[in-house]
Amino acid sequence: MNSNPSAPAIFAVLCVAACLSAYAIPAHGQQPIRASAESSPRVFLLDGNRLQAVRKAIRRGDKELENAWSKLQRDAQKALVGAPFSIVSKSVAPPSGDKHDYMSQAPYFWPNPKTPNGLPYIRRDGERNPEINKITDHKSIDDIENAAETLALAYYFTGDEKYAAKVVELLRAFFLDPTTRMNPNLEYAQFIPGVNTGRGIGLIETRGLTRVVDAIGLLEGSRALTSEDERGLQDWFGKFLQWMLDSKNGREESAAKNNHGTYYDVQIVSFASFVGRKDLAKQILGQARQERIATQIEPDGRQPLELARTKAWSYSNGNLDGLMELATLGQHSGVDLWNFQTKDGRSIRKALDFLVPIAMGEKKWAYQEIGGGVKPETLFPLMRRAAAIYRDRVYQAVMAKVPAADPSDRSNLFRAEVTSAN
């Protein structure tokens with residue numbers, strides 16, 4: 001937030017806020033500018049306008065949202081009592097000797113049976129080595145992403161400062177506190193024993209930080225998030241963004257032609273949008289037309305680099321999810337990726353259409369899928385998301401056959417239409 005409010009403005013907003021909840025005393029004694037109770041939150045992957053509508057529906061008691069809202073509240077109550085997360089708690093240090101540097105081991109690499117010490121590790125695609133769980137940084141980053149989103153949503157929908165205060169406590173510990181924060185780099189992510197100390201591929205492990213960016217936006221107007229906190233978080237994400245752009249690992253991931261390149265772009269656009277580098281966000285989105293969609297998708301909708309994996313269905317779904325996230329981010333920057341199509345027909349819609357007959361039981365999957373086989377229902381969330389974009393009769397007819405999401409599923413809080421309760 002960029003300037004100090006006038007006394008009348010502070011008084012007016014505090015009066016509104018007092019009607020919603022009793023505020024905690026802001027940390028560090030600082031008062032941020034208040035956001036209007038009716039303003040759309042500054043989010044990038046979530047839809048701010050939809051969240052506004054859902055907040056109003058929740059407050060008027062919309063019965064259709066009752067199960068999802070109750071589940072979110074239960075999740076938020078659990079998150080309230082959780083300890084702060086930090087990567088410095090791991091039992092081993094990375095090659096730098098600094099536990100503030102993120103570290104993880106490549107999941108699909110196993111000890112070499114042909115050597116006495118098992119080195120160098122060898123690849124077994126799709127088979128996760130449980131040994132990776134000895135390093136806890138990946139779990140820590142998953143935990144902060146999940147807790148931040150859950151608590152921030154609970155704050156946004158209720159205005160209850162206890163949720164905002166907990167989110168800020170967790171954000172400070174993970175990103176800002178000199179004793180517990182993560183350094184803004186992934187130099188040692190997904191290392192392979194006996195081969196290297198880290199890889200560009202490791203950047204896939206921070207794709208969920210885009211949820212943290214949106215969580216911060218949902219806190220706008222809370223008394224817990226101070227101007228100092230906001231500056232610190234902007235600084236952290238700005239440095240991480242620059243590391244992604246400049247580092248060897250970052251450049252490697254940028255050059256990836258498969259899902260890794262997709263999620264690299266998702267992060268770049270989200271973080272650039274957050275720190276105000278709008279031109280960079282728009283540039284990456286524009287390039288994604290050719291570098292991601294045209295490169296990754298065949299005219300018939302196949303994604304060859306994902307189909308080559310031992311979990312071809314899962315990876316095809318996963319990359320399509322990332323492309324849809326890019327398209328969602330594009331809506332904020334005036335770049336339409338949802339409807340982009342090359343002259344020979346490569347598009348997000350075509351990739352979706354290739355997978356839909358499998359999910360609907362109309363065709364059999366012709367590719368490998370180890371670890372339990374194809375799970376058609378994993379495509380349903382992507383189909384529901386696309387239904388808000390592709391409103392033609394053909395697609396809507398398909399959607400009429402798709403089972404509704406579980407009433408307690410959080411996605412119900414993000415849907416386009418909400419009805420008022422009687």
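Reader: What makes Gln368 count as partly exposed?

Author: This is a predicted model, and in it Gln368 has a relative accessibility of 43%. Partly exposed covers what falls between buried, under 20%, and exposed, over 50%. A value of 43% lies in that middle range, so Gln368 is called partly exposed.

Reader: Where does Gln368 lie, and which residues is it in contact with beyond its neighbours within four places in sequence?

Author: Gln368 belongs to the loop between α13 (348–359) and α14 (380–387). Once those neighbours are set aside, its contacts are Arg309, Thr310, Lys311, Ala312 and Trp313. As for Ser314, its C-alpha is 10.0 Å from that of Gln368, while 54 residues separate the two in sequence.

Reader: What makes Pro178 exposed?

Author: Its relative accessible area is 57%. Exposed means over 50%, so Pro178 earns the word. You will find Pro178 in the loop between α5 and β4 (188–191). In space, the C-alpha atoms of Pro178 and His100 are 9.1 Å apart, with their positions 78 residues apart in sequence.

Reader: Why does Gln190 count as buried?

Author: Gln190 shows 7% relative accessibility, and buried means under 20%, so the label fits. Gln190 lies in strand β4. Its backbone deserves a look too: phi is positive, about 50°, although Gln190 is not a glycine.

Reader: How many residues are in the chain, and what share of them is buried?

Author: There are 422 residues, and 51% of them are buried. The chain has 15 helices and four strands. Among contacts with a separation of 6 or more, 73% are between residues 24 or more positions apart.

Reader: Let's turn to the rings. How many aromatic pairs does the structure hold?

Author: The structure holds 16 of them. One is Phe175 with Phe237, whose ring centres are 5.5 Å apart and whose planes meet at 40°.

Reader: Why is the pair of Phe175 and Phe237 called tilted?

Author: Take the distance, then the angle. Centres within 6.5 Å make a pair, and 5.5 Å satisfies that. Stacked needs planes under 30 degrees apart and edge-to-face needs over 60, so 40° leaves tilted. The pair links distant parts of the chain: Phe175 sits in helix α5 (residues 161–176) and Phe237 in helix α7 (residues 227–246), 62 residues apart. Both residues are buried.

Reader: What makes the pair of Phe237 and Phe271 tilted?

Author: Here the centres are 5.2 Å apart and the planes are at 50°. That angle is neither under 30 degrees nor over 60, so this pair is tilted. Distant parts of the chain are linked here too, with Phe237 in helix α7 and Phe271 in helix α9 (residues 259–274), 34 residues apart. Phe237 and Phe271 are both buried.

Reader: Which residues form one aromatic cluster?

Author: The cluster is made of Phe174, Phe175, Trp236, Phe237, Phe240, Trp243, Phe271 and Phe274.

Reader: How do α7 and α9 pack?

Author: Their axes are 9 Å apart, at an angle of about 140°, and α7 passes α9 in a left-handed crossing. On the α7 side, the meeting residues are Leu233, Gln234, Phe237, Phe240, Leu241, Met244 and Leu245. Facing them in α9 are Tyr264, Gln267, Ile268, Phe271, Ala272 and Phe274.

Reader: What makes α2 oblique to α4?

Author: Helix α2 (residues 48–59) and helix α4 (residues 137–158) pack at about 60°, with axes 9 Å apart. Roughly parallel would need under 35 degrees and roughly perpendicular starts at 65, so about 60° makes the helices oblique. Their contact involves Gly48, Leu51, Gln52, Val54, Arg55, Ile58 and Arg59 of α2, together with Leu153, Tyr156, Phe157 and Thr158 of α4. The crossing of α2 past α4 is right-handed.

Reader: How do you know that the charged end of Arg55 sits over the ring of Tyr156?

Author: The charged end of Arg55 is 4.1 Å from the centre of the Tyr156 ring. The distance limit is 6 Å, so that part of the test is met. Arg124 likewise lies over the face of Trp110, at 3.9 Å from the ring centre.

Reader: One last thing: what joins Leu119 and Pro120?

Author: A cis peptide bond, with omega about -10°. Pro120 lies in the loop between β2 (109–110) and β3 (122–123).

Conventions:
Residues numbered from 1 in each chain as written. Predicted model: local features only at pLDDT ≥ 70, side-chain atom pairs only at ≥ 80, totals over all residues. Heavy atoms only, no water. Phe/Tyr/Trp six-rings, centres within 6.5 Å; stacked < 30°, edge-to-face > 60°. Helix = DSSP H or I, 4+ residues; strand = E, 2+ residues; numbered from the N terminus. Buried < 20%, exposed > 50% of the residue type's maximum accessible area, 1.4 Å probe, protein only. Lys NZ or Arg CZ within 6 Å of the ring centre and 35° of its normal. Axes fitted to C-alpha atoms, helices over the stretch in contact; angles between N-to-C directions. Parallel < 35°, antiparallel > 145°, perpendicular 65-115°, else oblique. Left-handed = near helix turned anticlockwise from the far one by under 90°. Contact = heavy atoms within 4.5 Å.
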